[in-house]
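Dear colleague,

Please find below the structure that I agreed to pass on to you. My notes on it follow directly after.

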Amino acid sequence: MPVDGSWSVLIIDGEAGFVDDTKGLLPGHTVYTARNMSDAQRRMVEEGIDAAIAGPSFGRADNVREISALFDLRPNLPVILASDEMTTDLLRTAMRLGVKDVLETPLTQDKLRDSLTLLDQHHRDEGPTPEWKPRIGKVVTIMSPKGGAGKTVAASNVAVTLAEWAGPDQVVVMDADLQFGDICITLQVDPKHTLVDVARDIDKLDEELLSSLLARHSSGLRVLAAPLEPALAEEVSTAVIVRTIGMLRRMFEYIVIDTAPFLDEPVLSILERSDTVLLVVDMDLPSVKNAKLALDTLRLIKFPFEKIRLVLNRNNSKARLDVSELERSLGLRVEASVVSDKLVPRAVNEGVPVVQLNPRSRVARDLRNVARLVYDGAATAGEGQGGSHRRFGR
Ligand SMILES: Nc1ncnc2c1ncn2[C@@H]1O[C@H](COP(=O)(O)OP(=O)(O)O)[C@@H](O)[C@H]1O
Ligand SMILES: [Mg+2]
């Protein structure tokens with residue numbers, strides 16, 4: 001906590017205007033900024049943050065709960081909420097979440113100074129901050145705007161591989177294909193609970209409860225299942241997904257998310273909160289066309305393209321698409337390719353990911369190379385970092 005009156009303040013809002021204006025009201029303080037709660041969590045781990053200001057996009061009844069992502073990471077972080085509307089409902093919810101002060105917009109230098117002084121006083125009264133150990137898992141989202149491109153194959157194989165490398169209970173796969181999720185059949189796990197239970201318990205959700213709603217795969221991978229039938233999908237709101245991701249990041253090193261083949265609101269919110277996006281493109285023309293359209297949309301919303309890793313699936317199939325032409329048209333380099341192999345559907349039908357069923361096959365090696373794109377640990381023994389063209393026997 002600041003002794004010299006200078007704070008490290010994190011300003012969080014999707015509106016650049018609010019962030020810039022607020023920055024201007026904090027002369028003499030160190031200011032960090034974040035576009036959303038996931039960015040904010042990352043900042044909190046990277047920088048010594050003394051306090052946070054959540055902007056008006058969180059000062060609405062439907063979004064205010066997102067602030068709990070900050071407390072998931074650090075329960076006693078001093079948080080100020082700026083809001084365009086001061087309803088009693090909002091105030092009550094904010095205070096219940098742990099927000100220390102709510103200020104009506106427009107903010108002024110005086111309002112902020114008073115508020116920070118108040119927080120400082122609170123802090124002195126409460127005594128020293130207890131130690132906290134930040135852990136902030138990496139969110140890896142598998143996306144493709146076309147069904148059948150190989151998302152679920154990639155998600156299940158990457159997740160199991162990461163679980164083998166990172167150890168048991170370090171990796172979770174979340175099936176966010178809310179209507180037709182098939183991670184559980186692909187991995188042959190029989191979920192006792194699904195995202196629907198998470199949604200129903202959202203108000204009392206904590207790490208322990210969430211953990212009890214996860215299934216376990218034999219590899220040590222944990223699984224958050226999709227709703228069991230399409231009609232239940234609507235019970236799982238985007239807010240639920242967002243809050244769940246925030247909490248899972250506290251609990252796991254890697255959060256692998258399988259998605260539906262759309263760019264709808266839930267998927268866009270997931271992408272916003274991802275550290276890495278694996279864009280799976282199948283070797284056929286519609287797949288490439290859709291990928292291009294999706295990338296155009298992401299460009300429009302200023303999505304950071306450096307997070308996107310292009311993965312080519314079935315790259316030896318008969319489609320005869322020219323890879324360099326594809327790269328040119330998408331404006332991205334292919335960072336990993338996966339061969340087409342009938343071992344894949346066979347493995348899917350057996351409910352065992354091909355990296356486990358036929359670990360020495362070429363396709364398993366390709367899929368491990370996809371996992372390597374996101375794995376932060378040391379390279380695993382036995383295989384080079386790509387480049388090797390040796391063929392392993394099956
Ligand atoms: N590299 C591959 N080789 C052979 N078959 C594949 C490959 N990747 C995916 N498939 C098959 O294509 C089908 C669709 O894959 P899936 O991962 O379920 O697609 P998505 O999740 O994108 O809809 C599955 O039956 C799977 O077995
Ligand atoms: Mg799928």
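**Findings**

With 19 C-beta neighbours inside 10 Å, Val-374 counts as partly exposed, because a residue is buried only from 20 such neighbours upwards and exposed at 12 or fewer. Please bear in mind that the model is a predicted one. Val-374 is placed in the segment that comes after α16 (362-372). Its contacts, apart from neighbours within four places in sequence, are Lys-138, Val-140 and Thr-276. Asp-275 is 99 residues from Val-374 along the chain, and the C-alpha atoms of the two are separated by 9.2 Å.

A second point concerns the sheet. It is an open one of five strands in the order β2-β1-β3-β4-β5, with parallel pairing. β2 (30-34) and β5 (101-104) are the edge strands, each pairing on one side only. On average, and with direction ignored, neighbouring strands are turned by 20° against each other. Within the sheet, β1 (residues 8-12) pairs with β3 (residues 51-54) over four bridges in the parallel sense, and Ile-11 stands opposite Ile-53 in β3.

Two helices lie across β1, β2 and β3: α1 (residues 16-24) runs at about 155° to β1, and α2 (residues 37-46) runs at about 165° to β1.

Finally, α12 (residues 285-300) packs against α13 (residues 323-330) at an angle of about 25°, their axes being 10 Å apart. The two helices are therefore roughly parallel, and their crossing is right-handed. Val-288, Ala-291, Lys-292 and Leu-295 in α12 meet Leu-326, Ser-329 and Leu-330 in α13. Five of the residues in this contact are nonpolar, one is polar and one is charged.

With kind regards

Methods: Residues are numbered from 1 along each chain as its sequence is written. Chains are lettered from A and ligands numbered from 1 in the order in which they are written. This is a predicted model: local features need pLDDT of at least 70, side-chain atom pairs count only at pLDDT 80 or more; totals for chains, interfaces and linings use all residues. Axes are lines fitted to C-alpha atoms, for helices over the stretch in contact, and angles run from 0 to 180 degrees between N-to-C directions. Angles under 35 degrees count as roughly parallel, over 145 as roughly antiparallel, 65 to 115 as roughly perpendicular and the rest as oblique. A crossing is left-handed if the near helix is turned anticlockwise from the far one by less than a right angle, and right-handed if clockwise. Two residues are in contact if their C-beta atoms, placed from the backbone, lie within 7 Å. Ala, Val, Leu, Ile, Met, Phe, Trp, Tyr, Cys and Pro count as nonpolar, Asp, Glu, Lys and Arg as charged, and the others, Gly among them, as polar. Two strands pair if DSSP finds at least two bridges between them.
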